[in-house]
Amino acid sequence: MKANYHTHTQRCRHATGSEEDYLRYALEAGLDVLGFSDHAPFPDHDFGWRMRFDELEDHLATVKRLSEEQASEIIIRQGLEIEYLPMYRSYYERLIGEGKVDYLLLGQHLYADEKGGVPYISEAEDTRANIVYARAIEEGMHTGLFRMVAHPDFYATNRFAWDDNCEAAADIIIGAAVETGTVLELNANGLRKGVFDDFPDGPRYLYPHRRFWEKVAGSGARVIVGSDCHEAEQVWDGAVAQAYAMLAELGITPLASLENL
């Protein structure tokens with residue numbers, strides 16, 4: 001089965017293409033399942049780089065229409081990618097409880113820090129923030145509201161050398177994934193971005209971070225590949241193939257889909 005559950009559209013304000021565009025490429029690529037998971041808005045605050053709240057209902061209606069129209073050709077799932085911020089738990093529960101989405105994808109970019117702020121992890125002042133970030137993801141997984149964690153090693157984007165705090169953050173996230181059964185995503189979009197040579201410990205991808213995924217190997221955590229496509233032609237491209245090859249090299253067999261979980 002060919003499935004991708006991490007798909008963005010132009011609604012998130014940093015991607016291109018409509019829902020119809022992504023569907024067309026998914027059909028051409030022979031996907032069995034296409035899951036839309038645009039960056040979800042929050043009802044009372046625009047944190048940027050995401051859908052506007054007044055677009056949400058139209059997006060949901062569009063995906064529902066496409067799902068009904070293409071039911072004989074492809075399974076279409078409605079998801080949303082969103083951060084876990086404890087103060088919005090009732091919002092996540094409504095999205096699921098009212099049947100607005102099939103799944104929530106925990107994509108932690110923002111996090112509620114110990115100072116009462118909501119910063120981006122990429123702007124952290126040092127790697128101690130990675131522990132706070134990992135604890136937020138751990139708490140989110142334990143709510144049972146999230147089917148999988150997008151780019152769980154995204155904290156590696158903050159440009160510090162891998163250290164004991166990075167190790168500890170990985171242990172927290174991987175341990176919670178094993179305990180809760182939440183699926184971890186190896187993210188192909190990080191591979192698309194290419195290798196950066198300005199890290200203090202040498203050239204690497206922003207993510208996936210090999211040290212993180214070496215710890216996943218043998219942990220028992222369930223893993224899936226996510227395209228994280230921001231252009232329609234990326235639904236199933238060379239970066240997705242590269243992600244599968246990376247997992248094979250690490251001895252990790254990914255899930256083909258989330259359909260029977």
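A residue is called buried when its relative accessible area is under 20%, exposed when that area is over 50%, and partly exposed in between, with a 1.4 Å probe and protein chains only. The model shown is predicted, so that local features need pLDDT of at least 70 and side-chain atom pairs count only at pLDDT 80 or more, while totals for chains, interfaces and linings use all residues. Residues are numbered from 1 along each chain as its sequence is written, and side-chain values use heavy atoms, with hydrogens and water left out.

**Figure 1. The whole protein, with its eight helices and nine strands.** Helices (H or I, at least four residues) and strands (E, at least two) are DSSP runs, numbered from the N terminus. The C-alpha atoms fill a box of roughly 50 × 40 × 35 Å along the principal axes. For 261 residues, a compact globule would have a radius of gyration near 18 Å, and the 17 Å of the protein agrees with this; the radius is taken over C-alpha atoms, and the globule rule is 2.2 Å times the number of residues to the power 0.38. Of the 261 residues, 54% count as buried. The protein exposes about 10900 Å², of which carbon and sulfur atoms supply 47%, the areas coming from the Shrake-Rupley method with a 1.4 Å probe and, for residues, only the protein chains shown counting as cover.

**Figure 2. Close-up of helix 8, residues 238–250.** At 1.5 Å a residue, the 13 residues of helix 8 should span 18 Å, and the 19 Å between its end C-alpha atoms agrees; the expected span is 1.5 Å times one less than the number of residues. The buried residues of helix 8 are A239, V240, A243, M246, L247 and L250. Seen down the helix axis, these buried residues fall within an arc of 115 degrees, so they line one face of helix 8; the arc is that of the directions from the axis to the C-beta atoms. G238, A248 and E249 are exposed on the other side of helix 8. The cover over its buried residues includes strand 6 (183–187), helix 6 (188–192), helix 7 (210–216) and strand 9 (223–226). At the start of helix 8, a side-chain oxygen of D237 comes to within 3.2 Å of the backbone nitrogen of A239, and just after the helix G251 takes a positive phi of about 80 degrees.

**Figure 3. Close-up of helix 2, residues 56–69.** In helix 2, the buried residues L56, H59, L60, T62, V63 and L66 pack against helix 1, strand 2 (33–39), strand 3 (75–82) and helix 3 (89–97). On the other side of helix 2, K64 and E68 are exposed.

**Figure 4. Close-up of H6, in the loop between strand 1 (3–4) and helix 1 (19–28).** H6 is buried, with a relative accessible area of 0%. Its side chain is joined to that of E81 by a polar contact of 2.9 Å, a polar contact being a pair of N or O atoms within 3.5 Å, where within protein one must be able to donate a hydrogen and the other to accept it, and residues adjacent in sequence count only if both atoms are side-chain atoms. Beyond its neighbours within four places in sequence, H6 is in contact (heavy atoms within 4.5 Å) with residues including G35, S37, L105, H151, E185 and D228.
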